[in-house]
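Biologist: Could you take me through the sheet in this model, strand by strand, along with the helix that packs on it? I would enjoy a close look.

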Amino acid sequence: MQLSGKTILVTGGTDGIGAQLIRQLRSKGATVIAHGRNADRVAAVRDDGFEVIQADLSTQAGIDAVLAGVMGRRIDALINNAGAGADHDFREGAPDLAAADATIFLNLNAPIHLIAGLMPELKSRGEAMIVNVTSGLAIAPRAGGPVYCATKAALRSYSQALRYQLQGSGIHVLEVLPPVVETKLTAGRGSRKMAPDECARQIVSAMERDADEANIGIVKVLQLVNSISPALARKIMIRF
Ligand SMILES: NC(=O)c1ccc[n+]([C@@H]2O[C@H](COP(=O)([O-])OP(=O)(O)OC[C@H]3O[C@@H](n4cnc5c(N)ncnc54)[C@H](OP(=O)(O)O)[C@@H]3O)[C@@H](O)[C@H]2O)c1
């Protein structure tokens with residue numbers, strides 16, 4: 001997709017990978033409608049000249065607020081980037097089930113509802129794009145985060161089926177699988193993390209190439225291992 005002149009809605013555009021993505025998309029000539037939750041970060045992104053919709057996407061009201069915020073607007077691309085997920089580990093006591101439900105809603109229900117709500121507009125564009133940010137953990141889970149990993153595996157599966165359904169519709173479906181990136185999501189965890197601006201750069205490049213998947217950084221190696229031996233990929237990832 002040629003990004004210049006396009007209008008792109010980016011969820012979770014106020015921090016981490018999304019905060020880099022909105023700036024890189026703007027520098028390509030796109031009009032960006034950002035979304036975020038935290039009021040201070042929303043204000044900071046507004047101060048930088050972006051239009052921002054504030055909503056908690058772990059609730060139906062938040063999804064409705066985002067859809068209402070773009071009603072009647074031209075949307076050429078939807079980037080489902082907002083995501084989160086705490087550990088859920090029975091080895092460390094009873095997990096927080098309310099947090100698990102919120103993770104499932106944010107990481108899976110919200111993208112599905114936003115896609116459904118924007119589908120008529122995206123179809124009307126002739127050329128459009130849906131970008132779903134999953135994770136390398138969609139390929140094989142790590143032991144401590146089964147709910148997060150399950151949501152990403154589910155969104156990966158959803159994206160693959162959606163891509164097939166939308167063949168010939170003019171709507172391209174891109175799945176992005178980031179590695180461990182230096183953001184608040186991975187604070188205190190992981191090493192040799194990718195910088196968020198480099199992750200965003202590779203997402204933008206994949207959009208420009210109309211790629212089906214953006215396997216970023218070490219995720220390329222994980223995909224290779226998984227194609228040879230899914231059992232080995234699972235064995236490597238489970239300890240992360
Ligand atoms: N970082 C990694 O290593 C990594 C690896 C693989 C995949 N990913 C995926 O990449 C995407 C971006 O993650 P990130 O690392 O950039 O995380 P991040 O720095 O924590 O940023 C996440 C963004 O999502 C928003 N968000 C979080 N919970 C929300 C909620 N309940 N409602 C609405 N918005 C919410 C945040 O808004 P506020 O914080 O402003 O409220 C923020 O703008 C996520 O889908 C994540 O799963 C990340």
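Modeller: Happy to; here is a walk through the sheet, followed by a short look at a pair of helices. Please keep in mind that this is a predicted model.

The sheet is an open one built from 7 strands, and across it they run in the order S3-S2-S1-S4-S5-S6-S7, with parallel pairing. Its edges are held by strand S3 (51–54) and strand S7 (213–215); each of these has a single partner strand, so one side of each is left without a neighbour in the sheet. Going from strand to neighbouring strand, the average turn is 15°, direction ignored.

For a closer view of one pairing, take strand S1 (residues 7–10) and strand S4 (residues 77–80). These two pair in the parallel sense over 3 bridges, and Ile8 has Ala77 of S4 as its bridge partner.

Helix H2 (residues 39–47) packs on this sheet, where it touches strand S2 (31–36) and S3. The direction of H2 makes about 165° with that of S3.

Now to the helix pair. Helix H3 (residues 60–70) and helix H4 (residues 97–124) have axes that come within 10 Å and cross at roughly 30°, which makes H3 roughly parallel to H4. The crossing of H3 past H4 is right-handed. On the H3 side the contact is made by Ile63, Val66 and Leu67, and on the H4 side by Ala110, His113, Leu114 and Gly117. By character, the residues of this contact of H3 with H4 comprise 5 nonpolar and 2 polar, with no charged ones.

Terms used. Residues are numbered from 1 along each chain as its sequence is written. This is a predicted model: local features need pLDDT of at least 70, side-chain atom pairs count only at pLDDT 80 or more; totals for chains, interfaces and linings use all residues. Axes are lines fitted to C-alpha atoms, for helices over the stretch in contact, and angles run from 0 to 180 degrees between N-to-C directions. Helices (H or I, at least four residues) and strands (E, at least two) are DSSP runs, numbered from the N terminus. Angles under 35 degrees count as roughly parallel, over 145 as roughly antiparallel, 65 to 115 as roughly perpendicular and the rest as oblique. A crossing is left-handed if the near helix is turned anticlockwise from the far one by less than a right angle, and right-handed if clockwise. Two residues are in contact if their C-beta atoms, placed from the backbone, lie within 7 Å. Ala, Val, Leu, Ile, Met, Phe, Trp, Tyr, Cys and Pro count as nonpolar, Asp, Glu, Lys and Arg as charged, and the others, Gly among them, as polar. Two strands pair if DSSP finds at least two bridges between them.
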